[in-house]
Amino acid sequence: MKALILVGGLGTRLRPLTINTPKAMMPVLNKPFMAHVVGQLMHHGVDEIILTRGHLAAQMESYFGDGSGLGIKVVYVDETRPLGTAGGIKNCERHLDETFFVLNGDVFSTIDFSAMLHSHRSKKATATIALTPVDNPSAFGLVETETDGRIRRFIEKPKPDEITTNMINAGCYLLEPEVLDFIKPDTLTSIERETFQLLLKDKQPFYSFDTTGAYWIDMGNREKYYQLNIDMLNGVCNCAGTPSPGVHLGEGTSVDPSAEISGNVVFGENCRVGANAIVTGPAVIGAGCQLGNRVSVSGSLLWPGVNIGDDSSVILSIIGDHCRIASSDHIDDSALADGVYTPPSLTLSGAAVWPGTIMSN
Ligand code: GDD
Ligand code: MG
């Protein structure tokens with residue numbers, strides 16, 4: 001079974017974190033986001049992943065290679081210019097000769113993909129869309145259905161007066177190769193705004209699959225990316241590979257006996273925590289992070305190689321790769337992209353700092 005994952009977007013809503021790191025490779029509990037998604041698919045028997053890449057394509061290949069390390073096949077299809085969600089699928093046509101999954105590359109879910117495939121086959125559908133309930137469908141694709149699950153209407157980013165249901169497109173489809181005949185080659189095309197409309201007009205057997213009850217999140221903005229990490233740490237998403245409650249220390253990590261670590265905290269390998277430091281979960285500390293003496297970290301995500309000087313605090317923040325936080329800094333509710341250097345005694349609140357910025361007081 002093949003799954004095509006759309007990872008060609010620019011991750012604009014996650015900037016500045018996505019300037020040098022593609023959305024799919026952003027760390028979630030010290031593993032690239034995409035590795036969690038692939039794990040879920042493998043659990044349901046998917047054995048080939050097609051990654052349709054654009055922005056910062058090479059980083060995915062250096063992690064996944066040909067997939068043999070994970071026991072699957074990984075194929076890369078590049079777009080020299082963005083082709084949109086349908087154009088990206090059409091661009092992979094040579095690899096798509098049987099029923100296949102399509103996933104938006106920023107969605108993590110515990111959808112029962114096996115049950116979805118069963119439903120798709122039993123209805124002899126040309127296309128099936130997974131649906132999930134949300135409080136406000138306006139940022140999503142709203143899907144109206146008939147009582148037998150057949151899709152009646154699909155409205156991408158509905159206006160307030162178009163909201164007739166709370167069920168939205170979960171960004172997960174099962175498609176038959178015939179769907180590709182509805183997409184023009186080499187053309188910027190949206191599956192949501194164009195292809196799905198054509199399937200409806202053509203009265204194709206186009207069905208929904210209700211996934212109410214499964215965990216679902218689109219981590220495409222900073223708040224949701226943060227929430228996904230916290231949900232995984234706190235066991236909310238109830239999926240394989242999430243840690244048990246408590247403190248987890250990676251290999252080679254050393255913690256001074258006077259430091260206090262509490263709540264749900266995951267450390268990567270080779271971290272160092274200094275004397276009288278306080279780390280309060282939920283928190284994720286990437287590999288090779290160095291926390292100085294009396295440092296306080298709470299509710300935060302540190303990417304690998306972050307160095308925090310003595311007496312500094314980092315609260316409710318995301319700190320990118322290899323940032324150097326000087327001593328006596330107070331950083332709260334902020335996102336620092338990779339390689340940011342701060343001066344001592346800085347107070348930063350509600351900030352978003354671009355990669356490689358050398359800050360001064
Ligand atoms: N290959 C490729 N090429 N991928 C792309 C392109 C492109 O030109 N444009 C976007 N993508 C990828 C993004 O990387 C993302 O993984 C996925 O397509 C969806 O794009 P988003 O920009 O994240 O869309 P959205 O979140 O506003 O809306 C979509 O997802 C919702 C569920 O989260 C739509 O599919 C909605 O209908 C849906 O409800
Ligand atoms: Mg999205």
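Start by selecting ligand 1 together with the residues near it (a residue is near a molecule if one of its heavy atoms lies within 4 Å of it): there are 25 residues around ligand 1, and Glu-79, Glu-156, Asn-169, Glu-192 and Asp-218 come nearest. This is a predicted model, in which local features need pLDDT of at least 70 and side-chain atom pairs count only at pLDDT 80 or more, while totals for chains, interfaces and linings use all residues. Residues are numbered from 1 along each chain as its sequence is written, chains are lettered from A and ligands numbered from 1 in the order in which they are written, and side-chain values use heavy atoms, with hydrogens and water left out.

With ligand 1 still displayed, turn to its oxygen atoms. One oxygen atom of ligand 1 is 2.7 Å from an N or O atom in the side chain of Asp-106, an oxygen atom of ligand 1 is 2.7 Å from a polar backbone atom of Asn-169, and a backbone N or O atom of Leu-83 lies 3.3 Å from an oxygen atom of ligand 1.

Next, select ligand 2, the magnesium ion, whose protein donors are Asp-106 (OD) and Asp-218 (OD), lying 2.2 to 2.3 Å from it. The pair links distant parts of the chain, since Asp-106 sits in the loop between β6 (100-104) and β7 (107-109) and Asp-218 in strand β13 (residues 216-218), 112 residues apart. Donors here are N, O and S atoms within 2.8 Å of the metal (3.2 Å for Na, K and Ca), and water is not among the atoms, so sites may look incomplete. Helices (H or I, at least four residues) and strands (E, at least two) are DSSP runs, numbered from the N terminus. Asp-106 is buried, with a relative accessible area of 8%, whereas Asp-218 is partly exposed at 22%; buried means under 20% relative accessible area, exposed over 50%, and partly exposed in between (1.4 Å probe, protein chains only).

Now select helix α5 (residues 191-201), whose buried residues are Ile-191, Glu-192, Thr-195, Phe-196, Leu-199 and Leu-200. Seen down the axis of α5, these buried residues fall within an arc of 140 degrees, so they line one face of the helix; the arc is that of the directions from the helix axis to the C-beta atoms. The face of α5 turned away from its buried side carries the exposed residues Arg-193 and Lys-201. The buried residues of α5 pack against α3 (84-90), β8 (127-133), β10 (151-156), β11 (167-175) and β12 (206-210), where contact means heavy atoms within 4.5 Å. Just beyond, α5 is followed by Lys-203, whose phi is positive, near 55 degrees.

Move then to strand β1 (residues 2-7), where six of its six residues are buried. Both faces of β1 are covered, with Lys-2, Leu-4 and Leu-6 on one side and Ala-3, Ile-5 and Val-7 on the other. β1 pairs in the parallel sense with β6 over five bridges, and with strand β4 (residues 48-53) over six bridges; two strands pair if DSSP finds at least two bridges between them. Ile-5 has Leu-103 as its bridge partner in β6, and Leu-4 has Ile-50 as its bridge partner in β4.

Finish at the open sheet of five strands in the order β15-β18-β21-β24-β27, where the pairing is parallel. β15 (254-255) and β27 (324-325) stand at the edges, each with a single partner strand, so one side of each is left without a neighbour in the sheet.

Technical notes:
Polar contact = N/O pair within 3.5 Å; in protein donor to acceptor, adjacent residues only side chain to side chain.
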